[in-house]
Amino acid sequence: MKTVEQAIHDVLWKALSEDLDVYDSRPMTEVKYPFADFEDFNSDFSGTKSGPLTQVTAVINIWDTENNRKNVSDLAHKLMQTAIETHEAYGHKVTARMDESSIKLMQDATVTPSIWRGMVTIIFSI
């Protein structure tokens with residue numbers, strides 16, 4: 001059985017890969033736009049009377065060219081919708097915590113021409 005973090009990763013990867021190239025980390029070579037990369041995964045554990053509770057936070061970046069802000073927005077919202085609709089990940093019961101999840105769109109002007117970045121943070125309770 002996959003760990004809960006790996007299960008969530010794989011569900012999100014599968015959803016993203018339907019629309020664009022996906023990388024486990026930011027590519028250091030030239031790639032075509034749009035693309036996504038996994039920035040960070042964090043698993044937090046707490047104990048209760050009925051057993052351990054897990055919270056997994058996934059941070060995913062979606063990138064596209066300066067003229068494609070709408071595409072970044074659309075892809076970020078599609079990923080968030082996937083998270084909302086995901087209730088099982090490879091045998092793990094998961095629930096997206098929408099009150100704590102977020103989408104941040106920003107223009108990256110550190111390159112010329114500038115590019116758009118959508119940072120999607122999704123928090124799951126297990």
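A cavity here is a set of grid points where a 1.4 Å probe fits but cannot get out. Keep that in mind as you work through this predicted model.

**Exercise 1. Find the enclosed space and say what surrounds it.**

Step 1: start with the count. There is one cavity of 30 Å³ or more.

Step 2: get its volume. The largest cavity comes to about 50 Å³.

Step 3: list the walls. Ala15, Leu16, Asp19, Leu20, Leu75, Lys78 and Leu79 line the largest cavity. Two elements, α1 (4–17) and α2 (69–85), each give two or more residues to that lining. The largest share is three residues, and α2 provides it.

Step 4: sort the lining by character. You should end up with five nonpolar residues, no polar ones and two charged ones.

**Exercise 2. Now do the open space: how much space lies in the largest pocket, and which residues line it?**

Step 1: the volume is about 210 Å³.

Step 2: pick out the lining. Arg26, Pro27, Thr29, Glu30, Val31, Tyr33, Phe35, Trp63, Asp108, Thr110, Val111 and Ile115 line the largest pocket.

Step 3: sort them again. This time the split is seven nonpolar, two polar and three charged.

Step 4: follow two of these residues, Asp108 and Ile115, into their strands. Asp108 stands opposite Ile115 in β8. Strand β7 (residues 102–108) and strand β8 (residues 115–125) run antiparallel, joined by seven bridges. Together β7 and β8 make a hairpin, with six residues between them.

**Exercise 3. Describe the largest nonpolar core, then zoom in on Ile122.**

Step 1: the largest nonpolar core holds 28 residues, and those touching the most other members are Ile8, Leu12, Leu16, Ile60, Ile62, Ile122 and Phe124.

Step 2: see who supplies this core. At least two residues come from each of α1, β2 (35–48), β3 (51–65), α2 and β8.

Step 3: look around Ile122. Setting aside residues up to four places away in sequence, Ile122 touches Leu12, Val56, Thr57, Ala58, Leu79, Met80, Ala83, Ala96 and Ser101. Leu79 is also one of the residues lining the largest cavity.

**Exercise 4. Is Asp21 buried, exposed or partly exposed?**

Step 1: locate it. Asp21 lies in strand β1 (residues 21–23).

Step 2: check the cut-offs. Buried means under 20% relative accessible area and exposed means over 50%. Asp21 has 31% relative accessibility, so it counts as partly exposed.

Step 3: find its contacts. Beyond its neighbours within four places in sequence, Asp21 is in contact with Lys32, Pro34, Phe35 and Ala36. Phe35 also helps line the largest pocket.

How values were computed
Residues numbered from 1 in each chain as written. Predicted model: local features only at pLDDT ≥ 70, side-chain atom pairs only at ≥ 80, totals over all residues. Heavy atoms only, no water. 1 Å grid on protein atoms, 1.4 Å probe; cavity = no way out; pocket = protein on both sides within 12 Å on 5 of 7 lines; lining within 4 Å. Points joined across faces, edges and corners; volume = space filled by probe spheres on them. Helix = DSSP H or I, 4+ residues; strand = E, 2+ residues; numbered from the N terminus. Nonpolar A, V, L, I, M, F, W, Y, C, P; charged D, E, K, R; others polar. Pairing = 2+ DSSP bridges. Core = buried A, V, L, I, M, F, W, Y, C linked by side-chain atoms within 4.5 Å. Buried < 20%, exposed > 50% of the residue type's maximum accessible area, 1.4 Å probe, protein only. Contact = heavy atoms within 4.5 Å.
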